[in-house]
Amino acid sequence: MRWLTGWSTGAPRAGTPAHEALATVTPIAARPLWTGPNPLWAVGDWRPEEIRLVTLRPGAPAAVSTGPATPDPVEDTPATTRLAVLGHCGATDAELAAGLAAARGGAVRHLTAWPGSYTVVLRTGTRSTLLLTDLAGAQPVFHTPWAGGTAYATAALPLADLVGAALDTGYLAARLACPESPEALGTGTPYLGVQRVPPGHVLAIRGGRPYLDAYDEPPGAEQPRDEAPAIRELTRALLESVRSRVRATAPVGGPAGRARLGVDLSYGTASATVALLAAAVPLPPVPTGAGAVGAAGAGAAPRAASTRSGAVKGSWVREAAQGPSAPEQLAAVTLGETEPPTTLALAPDTPRLRHTVLDPGPDTLPYAVLRADPQSGPLTDEPGPELVAAARAEARFDAGGTDHLTGYGARQVLDGHPARLADLIRAGRPRELLPPVAALAGADRAAAGVLAGALRTPLTVVRAAHRLSRVRYAEALDEAAAKLTARHVPDGAGTAGDRSAVDLAWCVPGPAARWLSDEALSSVALRLRLAARKPAPEEHPGAHRARHALHRQAHSYRTLVHAAERPGQRLHAPFLDNQVVRAARLLPDDVRLQPGARHALLHAVLTGAGRTDLPPDWGRGPRPDRTAPTRAGLRLAADGLAELFDAPLLAEAGLIDLPAVRAGLAQSADPAAPLSPAALAGLADLVSTELWLRRLRARRHGACWTGLPRPHLPALVP
């Protein structure tokens, strides 16, 4: 795990406990980026080019440094401004210097407009520190009161270690019951007293006190463009995000035969789009001897004066024609397919894609961790279903490169959430409901083979959309709380129209809610009722639901990175970059809600990038049963699951109805028993949370810091 940490205090008096703590406490194995009363450290597996610092002092030009440079011995003055950009950032040194100069006047939004995924820390003078989160939530920031000021980090677990925080079982209950509901989750974390900064916000710490403010436009401020210019902007943003990563690929060593760059190549059109875009960008040259350099000491590829290009049309032909050499091939990884998917029939015609098909053996199935030592895996910042699927992801990433590009987040960034149908009605455009509703009816008719379901679908969906467009926010939350306590939890069964109608609500219970205890459901319902007394969001319900679905996906991706990324390796999700998220906001709602919208949009992106040989039905081929590996993994792990829930910590904390959970696990082990995709997702949430609790308990005596007094550790489960 890589993380960034520091604190800002109000200058405690000498001799006080706060002053002594500031003088002695430091993170273990940390690299100081700047020192003084408001220090900043980088901890973990950082590449040199992932740490970029800019310092601006009166009367001197901005000084830009890359890598863990020795902290500046010159004492800061109230007029000194410092900027730290950590992660993958495609900005040039000149752009960083210009951005810092502009930020001195108080404008910070432009610091989030560069390609890539990164964390920004801005220090003005000696008493003010600002941290900016990204729009999706893949680069979060956390904070907690400490030593008379505020400590912050890009991971919650180190802050919990710092203050000896107990477990917040109320947050875990909300995470299981309503994982996409900000009304239930709030800004909390699994640790009491450790708070999350919402995506798209800036954490300002002045005199040791934290303040939160949104740096992005208010909801609805960005007016959607017409379809053609919006797609051009999406093409430019996505192409720039992929290019910046390919051109900055670190020439690090690794296992024999491993490529420098890997890409996912599956049935998903998102990963295929990223793979094809990456195949058109030449890799940077490898410095002499770089292949023998380890990840910790690898040098960055030479940074060009400008790695950004506004060119879109014809870029594929211009760059791919440069003729890649064999070492520049990209490892395109597919798990579980013996032939290249129909969707990706063009992959063999792309010379730079070296297609690798992995055998989906028992060790790559979900829940494989339960057949070994469940506590031996990495402890992630938060629980998530990615813990039970980590072995499957590791197999793909290991067969890829030292940098591996994925398509995570494309569905949430590009697709139209079903709740957006209500937004069309609110905007006075009910006729635009016809194509998506007709598509749902067609899907139900094809699945059921009868006309009855298809005839019922339009009425069900349109009625739910009209209701959501009219219902008051407070009434919707009170109703959701009542349904939760009454255990009216959707099971995910029924037709596609039925499932879309369920999603047409301000708050929808998660798939694990059916197995929670009455006490846990009551506590979450209370959170919803309290939230109903607060002001309603400014945005429409569809935009609100879509934004928080994106946040949940970004959190899941971050958990996957913590669970599956190896030291020296980097996983990338270009669709979660700020500039791609902003570009997707410009797409009209009716375009997003068209049948097959995501495939059509990605087809247009590749066409705009110069890939004009795509077949008309690209992305619309048959897809495998994505639940089959999960069912197989559950059956093989039946004994491990029974042992895991023999005396679970979830039951000790009063979070689950243990007999119901055991009955669900027994049903999952029966090949003949029907289990909906929602039920499978709910079991994954429960099992991964239990795994996470056991790993957390196993390391409770560990710490991320030196110089702390021996803490009194509270019980894991109060």
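Helices here are DSSP runs of at least four residues, numbered from the N terminus, and that is how α17 gets its name in the views below. All of the close-ups come from a predicted model.

**View 1. The largest cavity, with α17 as its top contributor.** This cavity has a volume of about 460 Å³. Its lining counts 26 residues, and R2, S117, A138, Q139 and V561 sit closest to the centre. Look for β1 (3-8), β7 (81-89), β8 (116-124), α17 (541-564) and β19 (570-572) around it, since these are the elements that give two or more residues each. α17 puts in the most, with 4 residues. The lining is a mix by class: 11 nonpolar, 8 polar and 7 charged residues. For context, a search of the whole structure turns up 7 cavities of 30 Å³ or more.

**View 2. The second largest cavity, with E49, E50, G87, H88 and A248 nearest its centre.** Here the volume is about 120 Å³, and 13 residues make up the lining. β7 shows up again, this time giving the most to the lining, with 3 residues. Sorted by class, the lining residues come out as 2 nonpolar, 4 polar and 7 charged.

**View 3. The second largest pocket, lined by 18 residues.** Its volume is about 390 Å³. Closest in to the centre you'll find E479, K483, V502, A505 and C507. Three helices, α13 (451-470), α14 (473-485) and α15 (496-503), each supply at least two lining residues. α14 has the largest share, 4 residues. The class split for this lining is 14 nonpolar, 1 polar and 3 charged.

**View 4. Helix α6 crossing helix α20.** The axes of α6 (residues 227-247) and α20 (residues 597-608) come within 9 Å and cross at roughly 70°. Angles from 65 to 115 degrees count as roughly perpendicular, so that is the label for this pair. The crossing is right-handed. On the α6 side, the residues to pick out are I231, L234, T235 and L238, and they meet L601, A604, V605 and G608 of α20. By class, this contact has 6 nonpolar and 2 polar residues, and no charged ones.

How values were computed. Residues numbered from 1 in each chain as written. Predicted model: local features only at pLDDT ≥ 70, side-chain atom pairs only at ≥ 80, totals over all residues. Heavy atoms only, no water. Axes fitted to C-alpha atoms, helices over the stretch in contact; angles between N-to-C directions. Parallel < 35°, antiparallel > 145°, perpendicular 65-115°, else oblique. Left-handed = near helix turned anticlockwise from the far one by under 90°. Contact = heavy atoms within 4.5 Å. Nonpolar A, V, L, I, M, F, W, Y, C, P; charged D, E, K, R; others polar. 1 Å grid on protein atoms, 1.4 Å probe; cavity = no way out; pocket = protein on both sides within 12 Å on 5 of 7 lines; lining within 4 Å. Points joined across faces, edges and corners; volume = space filled by probe spheres on them.
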